[in-house]
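This report walks through selected features of one protein chain. Look at the strands first, then at the aromatic rings.

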Amino acid sequence: MKNLVVVSAGVSAPSTTRILADRIAEAVDVQVSKRGEGLEIEYVELRELAVSLGAGMSTGLYDEKLRTALDTVSGADGLIAATPVFAASYSGLFKMFFDALDKDALTSMPVIIAATAGTARHSLVLEYAMRPLFSYFRATVMPTAVFAATEDFGAGDGTGGVSGAEMSNRVVRAARELAEYLVGVRSAVVGFGPDFGNEAEEKGAAHSADGASEGNQGVGAPNHRRSTNTQVDANVTDFATLLEGLDGTAK
């Protein structure tokens with residue numbers, strides 16, 4: 001049984017950010033089930049932690065409610081992180097929560113990033129704000145990020161959910177990418193097409209095997225080895241000799 005945690009920074013109830021996060025989580029559940037695994041989904045609603053986060057940031061003391069939420073996220077097998085866009089970036093509540101998280105808590109964890117806003121003009125927040133944040137944590141951010149504007153919610157379906165063929169395709173593609181990590185096959189393929197399957201799985205298995213042979217612990221573990229096999233071209237004049245030729249002080 002794999003554990004997926006959904007962090008939602010929506011501030012209203014109901015929240016369009018939570019609706020989008022739910023849609024992605026459901027799609028991940030379907031994709032994991034197709035691969036013969038079970039999935040447990042837990043939710044962390046940041047609006048319920050607003051007071052705890054404020055106190056923690058100002059005093060350095062985290063109450064039990066906040067500590068439980070931080071432990072839930074750090075103990076997950078995978079993460080969905082969703083935020084509304086405020087002032088062209090993720091919300092302050094979202095940033096405060098991840099500021100409170102230990103810097104090593106998300107190392108190698110597969111993450112789907114998602115955001116909601118009033119207009120599609122804010123969609124690049126996923127790339128210039130959210131992806132760098134999770135890269136700092138050394139998380140493995142899925143290639144496909146999911147953005148939904150106001151017009152994407154309940155357009156013609158009467159349910160208030162996320163609709164539209166393009167949006168559905170992005171949700172499914174992101175879910176498929178995360179599912180491959182959760183079941184233990186972390187693909188080396190950067191882009192996942194609609195026919196992603198056996199070929200990518202085989203490449204991912206080969207990539208994981210190569211990593212294990214180099215001392216990685218488990219599938220997709222980070223490889224901290226760095227190459228020291230440098231070669232020096234004997235025909236290149238060193239910098240000190242070039243300086244001597246310029247000032248004429250040494251021959």
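Two strands pair if DSSP finds at least two bridges between them. The model shown here is predicted.

## Strand β3 and its partners

By that criterion, β3 and β4 are paired: they run in the antiparallel sense and share two bridges. One bridge partnership is that of V85 with Y90 in β4. The two strands form a hairpin, with two residues between them. A87 sits in that turn and has a positive phi of about 50 degrees.

Strand β3 covers residues 78–86. It also pairs with β1 (residues 2–8), in the parallel sense, through five bridges. Here V7 has A81 of β3 as its bridge partner. A further parallel pairing joins β3 to β5 (residues 110–117), over six bridges. P84 stands opposite T116 of β5 in that pairing.

How enclosed is strand β3 by the rest of the structure? Eight of its nine residues are buried, so the strand is largely enclosed. The cut-off for buried is a relative accessible area under 20%.

## S91, between β4 and α4

S91 occupies the loop that runs from β4 (89–90) to α4 (92–100). Is S91 buried or exposed? Its relative accessible area is 1%, so S91 is buried.

The side chain of S91 reaches into the start of what follows: the backbone nitrogen of F94 lies at 3.1 Å. Setting aside neighbours within four places in sequence, S91 touches A9, T83, P84 and F86.

## Aromatic pairs

How many aromatic pairs does the structure hold? There are seven. In one of them, Y90 and F94 have ring centres 5.8 Å apart. Their planes meet at 35 degrees, so this pair is tilted. Both Y90 and F94 are buried.

F94 also pairs with F134, with ring centres 6.3 Å apart. The planes stand at 70 degrees, so the geometry is edge-to-face. This pair links distant parts of the chain: F94 belongs to helix α4, F134 to helix α5 (residues 125–136), and 40 residues separate them. F94 has a relative accessible area of 0%, so it is buried. F134 is likewise at 0% and counts as buried.

Ring pairs join a wider set into a cluster: Y90, F94, F97, F98, F134, Y136 and F137.

## L70 in helix α3

L70 lies in helix α3, which spans residues 64–74. Its relative accessibility is 8%, so L70 counts as buried. Beyond its neighbours within four places in sequence, L70 is in contact with Y62, F97, A100 and L101. F97, one of these contacts, is also a member of the aromatic cluster.

What separates the C-alpha atoms of L70 and D102? The gap is 8.5 Å, for residues 32 apart along the chain.

## A charge over a ring

One further feature involves a charged group and an aromatic ring. The charged end of R18 sits over the ring of Y43. Its distance from the ring centre is 3.8 Å.

Conventions. Residues numbered from 1 in each chain as written. Predicted model: local features only at pLDDT ≥ 70, side-chain atom pairs only at ≥ 80, totals over all residues. Heavy atoms only, no water. Helix = DSSP H or I, 4+ residues; strand = E, 2+ residues; numbered from the N terminus. Buried < 20%, exposed > 50% of the residue type's maximum accessible area, 1.4 Å probe, protein only. Polar contact = N/O pair within 3.5 Å; in protein donor to acceptor, adjacent residues only side chain to side chain. Contact = heavy atoms within 4.5 Å. Phe/Tyr/Trp six-rings, centres within 6.5 Å; stacked < 30°, edge-to-face > 60°. Lys NZ or Arg CZ within 6 Å of the ring centre and 35° of its normal.
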